[in-house]
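The exercises below are meant to be worked with the sequence and the coordinates open side by side. Each task is followed by a solution that proceeds step by step.

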Amino acid sequence: MPQDKPAPRLGLGVKLSYGFGSVAFGVASQALSTSIIVQYLNLAVGISAVLVGAAIMVSQIVDAVVDPLVGQWSDGVSTRWGRRHPFMYASALPCALAFYALWHPPTAWAPMQLFAYMVAVLVVVRIFNAMYEIPSSALAPELAPDYNDRTGLLAYRWFFGILGATVMIAFLNIVFLRRDATHTLGVLNREGYSQWGAIAAVVILVSILFSSAATHRLIPTLSPPTIRKTGARVALRESFGALTNPSMAALMASGLISGVAGGVTATVNPYLYLYFWGLPPQLTATLVFAALPASILATVLAPIVSKRYGKKPTMISLFAISLVASLVPITMRLTGLAPPNGSVWVTVLLSADVFVAGILGLMGYIIVSSMVADVVEDQAARSGVRSEGLLFAANGLLPKLTGGIGAFLGGLLVTAVHFPVRTQQGAVDPHIVHNLAVAYLPITAVLSGAAIFVLRYYRIDKSTHEHNLATIQEAAAIAELAHGEDPATRAAAITQVT
């Protein structure tokens, strides 16, 4: 058990510099989202929807295997730059270069060659993105050990992630995918994606390097790696213990189910916006601006509401209301209650949906991230080992794995209704579009509802967290007192507390 160190003061500068690093994660994650990749590879490049879904699934499966290894590796590294910063610095340039390559594929290759190229590049981008995001996220429990303070710190991180993603995706659609004389449907403009990808790669590089350098001075206040036995068997035992923590298991089970639902949604959404609602790409891009005020309100409200009502009840309520709100627009259209396509009220309806779902969903995600941070001390009190990197990697492991499965299933759904590729708006059979919406609605509702239900098995509240902190501090004190004793006596003293 490492000796406790005083936590750094969480001034505005610390929160801003730490949160700014998530711009890189927000841009990369949104660009790698199923909806954007499907739109790019299927509609612009011309790879079939099934192959696109397979490429996403393969890359996310590899990512899901690599993430826990990166997390556990960063938990145990001991350098003069601490445990996390070496990974953060090392990831910057490779991540930016791989991201650039993603949007500049060979132009003369056959579909199967392009498929292989995209799988390889997607895997590399995801690996180096994880090499930054997991160690950076793992700093949160150490920077903010207080039960409520960490929710506020993570709110800044989510805010900058949403801000970066929103601005860059709007920039893509409004500037580079705009309709012109050459491209009557901008999303088919392959060159536009390439130009945007070069700019986004620079943004990712700057964000990672700035946040890493700005938080570098905090390294002396962070926890050193736990002194432990090494070896594959020990690593597997620690991993199993951390991942089977009851509260962590509940979060991971929810992530497993919601990952499938999110993958299906992200795959189908581009088709719904373009063909079900008939929105041009530029108008679709303006919808994301509704997420900006939503993210500001969520950043402010999440710490306040969770402190007032508790993290678990607040989070479940927020996700449940968000689910209902997200189903309203499609249900209105299928029942004949929505305004006709082309009406300004369609934009108003969808903007309101983005705002409501955005503020409720983001508040929920902020609180979930804080709940994962609480598992760190819960597991440390049980085992004597701090595993921030492993636990934050595990939190995203199953959603990535099952998100790829969801993307593949979404691709099958699009294929099953015989949706054509590279087709202009208004040229798709309305029955095909209707069938896609009818099949999509119940699938996402059932999966999302199940993901919310399993969160009720999470066990950590404020009193539990404070008890865990006291246990860790007591164990650290006993370890310090027993420092001069023989190893067996020292181990017995620590075990008595943990």
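**Exercise 1.** Is histidine 418 buried or exposed?

*Solution.* Bear in mind first that the model is a predicted one. Begin with the position: histidine 418 belongs to the loop between α15 and α16 (430–454). Next take the relative accessible area of histidine 418, which is 63%. The cut-off for the exposed class is over 50%, and histidine 418 is therefore exposed. Finally, inspect the backbone, where phi of histidine 418 is near 65°, a positive value in a residue other than glycine. Most residues other than glycine have a negative phi.

**Exercise 2.** Describe the overall make-up of the chain, from secondary structure to surface.

*Solution.* Counting secondary-structure elements gives 18 helices and 0 strands. Turning to burial, 55% of the 498 residues in the chain are buried. For the contacts with a separation of 6 or more, 84% come from residues 24 or more positions apart. The surface completes the account: the chain exposes about 20,200 Å², of which carbon and sulfur atoms supply 68%.

**Exercise 3.** Determine how helices α10 and α14 are oriented to each other, and characterise their contact.

*Solution.* The axes of α10 (residues 246–276) and α14 (residues 344–383) come within 12 Å and cross at roughly 155°. Since angles over 145 degrees count as roughly antiparallel, that is the relation that holds between α10 and α14. The crossing in which α10 passes α14 is left-handed. On the side of α10, the contact is made by Pro246, Ser247, Met248, Leu251 and Tyr273, while α14 contributes Leu350, Val354, Val368, Met371, Val372, Val375 and Arg382. Sorted by class, the residues of this contact of α10 with α14 comprise 10 nonpolar, 1 polar and 1 charged.

**Exercise 4.** Carry out the corresponding analysis for helices α12 and α13.

*Solution.* Here the axes of α12 (residues 291–309) and α13 (residues 311–334) come within 7 Å, and they cross at roughly 120°. The angle leads to the assignment that α12 and α13 are oblique to each other. In the contact, Val305, Ser306 and Tyr309 of α12 meet Lys311, Pro313 and Thr314 of α13. The classes in the contact of α12 with α13 are 3 nonpolar, 2 polar and 1 charged.

**Exercise 5.** Which residues form the contact between helices α2 and α6, and what is the burial and setting of serine 211?

*Solution.* The axes of α2 (residues 22–31) and α6 (residues 111–143) come within 10 Å and cross at roughly 145°, and α2 passes α6 in a left-handed crossing. Ser22, Phe25, Ala28 and Ser29 of α2 make the contact with Asn129, Tyr132 and Glu133 of α6. By class, the contact of α2 with α6 divides into 3 nonpolar, 3 polar and 1 charged residues. Serine 211, for its part, lies in helix α8 (residues 190–214). Its relative accessibility is 1%, so serine 211 counts as buried. Leaving aside residues up to four places away in sequence, serine 211 touches Ser17, Tyr18, Phe20, Gly21 and Tyr132.

**Exercise 6.** Where is glycine 384 found, and is glycine 384 buried or exposed?

*Solution.* Glycine 384 is located in the loop between α14 and α15 (388–416). With 7% relative accessibility, glycine 384 counts as buried. As a last step, consider alanine 476, which is 92 residues from glycine 384 along the chain: the C-alpha atoms of these two residues are separated by 9.2 Å.

Key. Residues numbered from 1 in each chain as written. Predicted model: local features only at pLDDT ≥ 70, side-chain atom pairs only at ≥ 80, totals over all residues. Heavy atoms only, no water. Axes fitted to C-alpha atoms, helices over the stretch in contact; angles between N-to-C directions. Helix = DSSP H or I, 4+ residues; strand = E, 2+ residues; numbered from the N terminus. Parallel < 35°, antiparallel > 145°, perpendicular 65-115°, else oblique. Left-handed = near helix turned anticlockwise from the far one by under 90°. Contact = heavy atoms within 4.5 Å. Nonpolar A, V, L, I, M, F, W, Y, C, P; charged D, E, K, R; others polar. Buried < 20%, exposed > 50% of the residue type's maximum accessible area, 1.4 Å probe, protein only. Areas by Shrake-Rupley, 256 points an atom, 1.4 Å probe, with all protein chains shown as cover.
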